[in-house]
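Biologist: Please take a close look at the helix crossings in this model, and then follow the helices involved out to the pocket and the sheets.

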Amino acid sequence: MTGRIVVVGSGSLAHSICYSLAVVLKEKYRVSICARSREKCDEIRYVATAKAVLFGSPVVFDSFRFDAQTDDAGELIDRLKPDLLLSCTSYHSPWEGRSQPSCWTELLARAGFGMTLPLQAAFAIKLARAVAESPRTVLFINGCYPDAVNPVLKALNLPVLCGIGNVAVIAATLQAGLDITDRRRLRVLAHHLHLNDPGAGAEEAQAWIDGAKCERVSDLLQPQRTTDGLEVNGLTGFTAAILLRDILEGRRIETCVPGPHGRPGGYPVLIEGLNLALNLPADISESAAIEWNQKCAVADGVKVLSLGCVEFSARVKLELSRFLPEIAGSFHASQMAGITHAMLQLREWMRKIPSADWDTLRAAT
């Protein structure tokens, strides 16, 4: 099968995915990189094209300017006619604290990753809505915090096949550590939380080998958890590229993905063509797997209930209530645009305050 993949975003994840697609795709696919900065898109296109040539891959890369904040996503779909649309763009960068520390990044560090959900969801909602309204059949995959964003999309009745990374990276780490060449032997249940040590009181990721529970998960995940996140992003991109290839080529695959059909957290799945179903071990039911992932979601900072109610955990509420008490409690997914706007305003203000002034700022609120 040949077809067109559209990747929206030009950050480190988009780089990693496109560079990996240049290696794993062996058919004449066209990959379009779309983001606000045409210069960054062109840089990705150049490197990916050179890699494809070196590997003898017929895949073609091109680039387009698309501002996810202001441009029409429906027009993008009409113009590029993708078979698969992958969102890798959001208002949040996990690397901001390294290059531009401020009271905003200090707040994020103290509150936890779950607080970023409104910033991660905005563009995924916009793109998924355009997919839903398009007369074309387009597979939508979300790469931005899919463990929590995909349940938001489901609550809003918006299409999403699954996410990338997270449980897929954890499964790859375990597969390498166990020296398992056949990934069908391994099934993993894990949340975004488990990319790092889940901390006291939170459960560890779960894995099964040939149906038997693996008891060495924490030890096996240590190499991943002690590796710099930007380095791990290289693995994330490779797992995503393999997933996209296998889906578009209609392969029957047993793998692990986050947010399948809008479920919270990550699961083992069976994908055949365009059909995706859970592929859980015999000793755990779907309801039990979802409930387990929801417990992990609380530890990660945010839980999205089946009817669309979004609840921050106690840690997030404590920190956020000092600055945005009106959104620190629960809200519905349909209110996400207003919540995102309020958080962006808070970020704009807090970015101007050096992180060294955190204690003074906190005492004044």
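Modeller: Helix H6 passes helix H14 in a left-handed crossing, where left-handed means that the near helix is turned anticlockwise from the far one by less than a right angle, and right-handed means clockwise. This is a predicted model, in which local features need pLDDT of at least 70 and side-chain atom pairs count only at pLDDT 80 or more, while totals for chains, interfaces and linings use all residues. Residues are numbered from 1 along each chain as its sequence is written, and side-chain values use heavy atoms, with hydrogens and water left out.

H6 spans residues 117-133 and H14 residues 336-350, and their axes come within 9 Å and cross at roughly 130° (axes are lines fitted to C-alpha atoms over the stretch in contact, with angles from 0 to 180 degrees between N-to-C directions). H6 and H14 are therefore oblique to each other, the class left over once angles under 35 degrees (roughly parallel), over 145 (roughly antiparallel) and 65 to 115 (roughly perpendicular) are set aside. Helices here are DSSP runs of H or I with at least four residues, strands are runs of E with at least two, and both are numbered from the N terminus.

H6 also packs with helix H3, residues 73-80, at an angle of about 55° and with the axes 8 Å apart. That angle makes H3 oblique to H6, and the crossing of H3 and H6 is right-handed.

Another crossing involves helix H1, residues 12-24, whose axis comes within 7 Å of that of H10 at a crossing angle of roughly 50°. H1 and H10 are therefore oblique to each other, and their crossing is right-handed.

H10 leads on to the second largest pocket, since H10 gives the largest share of its lining, six residues. Helix H8 (167-178), helix H10 (229-248) and strand E10 (252-258) each supply at least two residues of that lining. In total 18 residues line this pocket, and Ala-172, Gln-175, Arg-183, Thr-239 and Thr-255 lie nearest its centre (on a 1 Å grid over the protein atoms alone, a pocket is an open set of points where a 1.4 Å probe fits, with protein on both sides within 12 Å along at least five of seven lines, and lining residues have an atom within 4 Å of a point). By class, the lining comprises twelve nonpolar, four polar and two charged residues, with Asp, Glu, Lys and Arg as charged, Ala, Val, Leu, Ile, Met, Phe, Trp, Tyr, Cys and Pro as nonpolar, and the others, Gly among them, as polar.

Turning to the sheets, six strands form an open sheet with parallel pairing, in the order E3-E2-E1-E4-E5-E6 (two strands pair if DSSP finds at least two bridges between them). Strand E3 (60-65) and strand E6 (162-163) stand at the edges with a single partner strand each, so one side of each is left without a neighbour in the sheet. Two bridges join strand E5, residues 139-142, to E6, and Asn-142 has Gly-163 in E6 as its bridge partner.
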